[in-house]
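Q: Hey, could you walk me through this structure? I'd like to start with how the helices sit together.

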Amino acid sequence: MLHWIWVLIVGAIIGAIAGALTKNGGSMGWISNILAGLIGSSIGEALLGAWGPQLAGMAIIPSLIGAVILVLLVFFILNRVHAHS
């Protein structure tokens, strides 16, 4: 049980850092941060491997890179959808 709490906390931190790095984090809530961190971690580790320091089973650097990619992609898609509305 404690492991999953750590996973959620680390996912939220990774998502928040990704939002701050892309300057798109102001509109993200804590659930979005957790999702961005967890999904971004999966993307980053799938693309780059699980190297570097790890916390709660997530490789921090690839996870951050994956989360940044995810946040940029989501905001690009949302901006395109809003532009056509």
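**Helices, a pocket and a loop**

A: Sure, and keep in mind that this is a predicted model. Helix 1 and helix 3 are oblique to each other.

Q: Okay, what angle do helix 1 and helix 3 pack at?
A: The angle is about 55 degrees, and the axes of helix 1 (residues 2–22) and helix 3 are 8 Å apart. Angles of 65 to 115 degrees would count as roughly perpendicular.

Q: And is the crossing of helix 1 and helix 3 left-handed or right-handed?
A: Right-handed.

Q: Which residues make the contact there?
A: From helix 1 you get V10, I14, I17, A18, L21 and T22. Helix 3 brings I60, S63, L64, A67, V68, V71 and L72.

Q: How does that contact of helix 1 with helix 3 divide into nonpolar, polar and charged?
A: There are 11 nonpolar residues and two polar ones, with no charged residues.

Q: Now helix 2. How do the axes of helix 2 and helix 3 cross?
A: They cross at roughly 115 degrees and come within 6 Å, with helix 2 covering residues 30–48 and helix 3 residues 60–83. That angle makes helix 2 roughly perpendicular to helix 3. Helix 2 passes helix 3 in a right-handed crossing.

Q: Who's touching whom in that one?
A: On the helix 2 side, the contact uses L35, A36, I39, G40, S41, I43, G44, E45 and L48. On the helix 3 side, P62, S63, I65, G66, A67, L70 and V71 take part. By class, the residues in this contact of helix 2 with helix 3 are 10 nonpolar, five polar and one charged.

Q: Switching topic: how much space lies in the largest pocket?
A: About 200 Å³. The largest pocket is lined by 11 residues, and M28, S32, L35, A36 and V74 are the closest to its centre.

Q: Which elements give two or more residues to that lining?
A: Helix 2 and helix 3 do. Helix 3 gives the largest share of the lining, five residues.

Q: And what classes of residue are in the lining of the largest pocket?
A: Nine are nonpolar and two are polar, while no charged residues appear in the lining.

Q: Last thing: what's up with the phi of A56?
A: A56 has a positive phi, about 55 degrees, although A56 isn't a glycine.

Q: Where does A56 lie?
A: In the loop between strand 1 (54–55) and strand 2 (58–59).

Technical notes. Residues numbered from 1 in each chain as written. Predicted model: local features only at pLDDT ≥ 70, side-chain atom pairs only at ≥ 80, totals over all residues. Heavy atoms only, no water. Axes fitted to C-alpha atoms, helices over the stretch in contact; angles between N-to-C directions. Helix = DSSP H or I, 4+ residues; strand = E, 2+ residues; numbered from the N terminus. Parallel < 35°, antiparallel > 145°, perpendicular 65-115°, else oblique. Left-handed = near helix turned anticlockwise from the far one by under 90°. Contact = heavy atoms within 4.5 Å. Nonpolar A, V, L, I, M, F, W, Y, C, P; charged D, E, K, R; others polar. 1 Å grid on protein atoms, 1.4 Å probe; cavity = no way out; pocket = protein on both sides within 12 Å on 5 of 7 lines; lining within 4 Å. Points joined across faces, edges and corners; volume = space filled by probe spheres on them.
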